[in-house]
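User: I am a first-year student and would like to learn how to read a structure step by step. Could we take one feature at a time, with the general idea before the case?

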Number of protein chains: 2
Amino acid sequence: MNPVIENILSRRSIRSFTEEPLKESDLELIVEAARHAPSGMNRQTWQFTVLTNQEIIKELANAIAEVLDREGYCFYKPQALIIPSNKQDSAWGRDDNACALQNIFLSAHSLGIGSVWINQLCGICDNEKIRPILSKIGIPEDHIVYGLAALGYPKAEGKIHERQGVVKFIR
Amino acid sequence: MNPVIENILSRRSIRSFTEEPLKESDLELIVEAARHAPSGMNRQTWQFTVLTNQEIIKELANAIAEVLDREGYCFYKPQALIIPSNKQDSAWGRDDNACALQNIFLSAHSLGIGSVWINQLCGICDNEKIRPILSKIGIPEDHIVYGLAALGYPKAEGKIHERQGVVKFIR
């Protein structure tokens, strides 16, 4: 099995991170991988915001906790968030961003960095407690966040879930 | 740069394929990679249909041509289609399937196989000319296809598009 497929099959969602900061050079590589995802009609109407500022990560987590009524919400205490955003009216923005996130998860895993898909912002970006924080970190007003990645060095191994779903070959 | 990131950065959408059939063992590996994508809440409500039957590929292409009024539509004449489908009412089905497709594109590329995202079925799965063909190949009635992959050995190199999209670091 080649290293690319080995990396895909061994990736797990990681929900427990050490306090060791991530290397800036690794984050740059990961976001470059994200930018190389396919984009519908090659529109590339996305933006990637790499957030390592712990105060702002906590501020965003606290706002989510309040809006979704989830006390103590903390994104699993990551060292970084990578937040792909896309124009709300982009027909393929949700697909583009999911592909970019998968590139983030896979490239991070190849560098020994754990990551997990965070869903909580999807649907509440325009909430009055959330949008000002997104604006503060430069996410355009007309952008939506479908999913984002929380990253850090893994403190615990991810759970190995049995793979499900029917596979049919039609020859 | 490690081989995983090199593979991500060198992947291109391929829209011209040779007539050489794909190896069954490669298709099995690619679909196994697809099944290892993350899935929202680990629901894994997806199915993967691997279609190498050229007659049915043509039948599906002809139906799309008719429904979308696109004469000569042919999926770029691939050797295989891999069709992820998902329950229409799955909240994260569209994201799950995009991540699975990205695993398909990346694992295919690592095996020297070209691929491209096909959008045409999204929105017309329940059309009276399309659904019977999906049913014939075993895609459940309550499943939707958001995107699918056309695959084959590359006949021509893919275009290198300049990567766009703002990247912001918030430290």
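User: In what pattern do helices and strands follow one another along the sequence of chain A?

Analyst: In this model, which is predicted, chain A runs through the pattern α-α-β-α-β-α-β-α-β-β-β when read along the sequence, and that makes five helices and six strands.

User: How do I read the overall size of the chain, and what radius of gyration does chain A have?

Analyst: One compares the radius with the value for a compact globule, which for 171 residues would be near 16 Å; chain A has 16 Å, so the two agree. Along the principal axes, the C-alpha atoms of chain A fill a box of roughly 50 × 40 × 35 Å. Of the 171 residues, 47% count as buried, and among the contacts in chain A with a separation of 6 or more, 84% join residues 24 or more positions apart.

User: Which helix of chain A could show me how to read a span, and how many residues does H4(A) have?

Analyst: H4(A) has 18 residues, and from its first C-alpha to its last it reaches 26 Å, close to the 26 Å expected at 1.5 Å a residue. Because 17 of its 18 residues are buried, H4(A) is largely enclosed by the rest of the structure. Just after H4(A), Gly112(A) takes a positive phi of about 80°.

User: Which residues of H2(A) are buried, and what covers them?

Analyst: The general idea is that an α-helix has 3.6 residues a turn, so residues three or four places apart point the same way. In H2(A), the buried residues include Leu27(A), Ile30(A), Val31(A) and Ala34(A), along with Leu29(A) and Ala33(A). Their cover includes S1, S2 (80–87) and H4 of chain A, together with helix H1 (3–10) and strand S6 (166–170) of chain B. As for its span, H2(A) has 12 residues and should cover 16 Å at 1.5 Å a residue; its end C-alpha atoms are 17 Å apart, which agrees.

User: How many residues of chain A are in contact with chain B, and which element gives the largest share of that side?

Analyst: Here 56 residues of chain A are in contact with 56 residues of chain B. On the side of chain A that touches chain B, H1 (3–10), H2 (24–35), S1 (46–51), H4 (93–110) and S6 (166–170) each supply at least two residues, and the largest share, 11 residues, comes from H4(A). Sorted by class, this side has 27 nonpolar, 21 polar and eight charged residues. Strands take part as well: S6(A) pairs with S1 of chain B, residues 46–51, in the parallel sense over five bridges, and Val166(A) stands opposite Gln47(B) there.

User: What relation do the two copies have to each other?

Analyst: In general, two copies of a chain are related by a rotation about an axis and a shift along it. In this case, a turn of 180° with a shift of 0.0 Å along the axis lays chain A on chain B with an RMSD of 0.0 Å, which is the relation of a two-fold axis. The same surface serves both copies, since 100% of the contact residues of chain A recur in chain B.

User: Is Trp117(B) buried or exposed?

Analyst: One counts neighbours, and a residue with 20 or more other C-beta atoms within 10 Å of its own is buried; Trp117(B) has 22 inside 10 Å, so it counts as buried. Trp117(B) lies in strand S3 of chain B, residues 114–118, and among the residues that it touches are Pro38(A), Ser13(B) and Leu101(B). Trp117(B) and Ile14(B) are 103 residues apart in sequence and 9.2 Å apart in space, C-alpha to C-alpha.

Technical notes: Residues are numbered from 1 along each chain as its sequence is written. Chains are lettered from A and ligands numbered from 1 in the order in which they are written. This is a predicted model: local features need pLDDT of at least 70, side-chain atom pairs count only at pLDDT 80 or more; totals for chains, interfaces and linings use all residues. Two residues are in contact if their C-beta atoms, placed from the backbone, lie within 7 Å. Helices (H or I, at least four residues) and strands (E, at least two) are DSSP runs, numbered from the N terminus. Ala, Val, Leu, Ile, Met, Phe, Trp, Tyr, Cys and Pro count as nonpolar, Asp, Glu, Lys and Arg as charged, and the others, Gly among them, as polar. Two strands pair if DSSP finds at least two bridges between them. Copies are superposed by least squares on the C-alpha atoms of residues with pLDDT of at least 70 in both. The expected span of a helix is 1.5 Å times one less than its number of residues. A residue is buried if 20 or more other C-beta atoms lie within 10 Å of its own, exposed if 12 or fewer, and partly exposed in between; C-beta atoms are placed from the backbone. The radius of gyration is taken over C-alpha atoms; the globule rule is 2.2 Å times the number of residues to the power 0.38.
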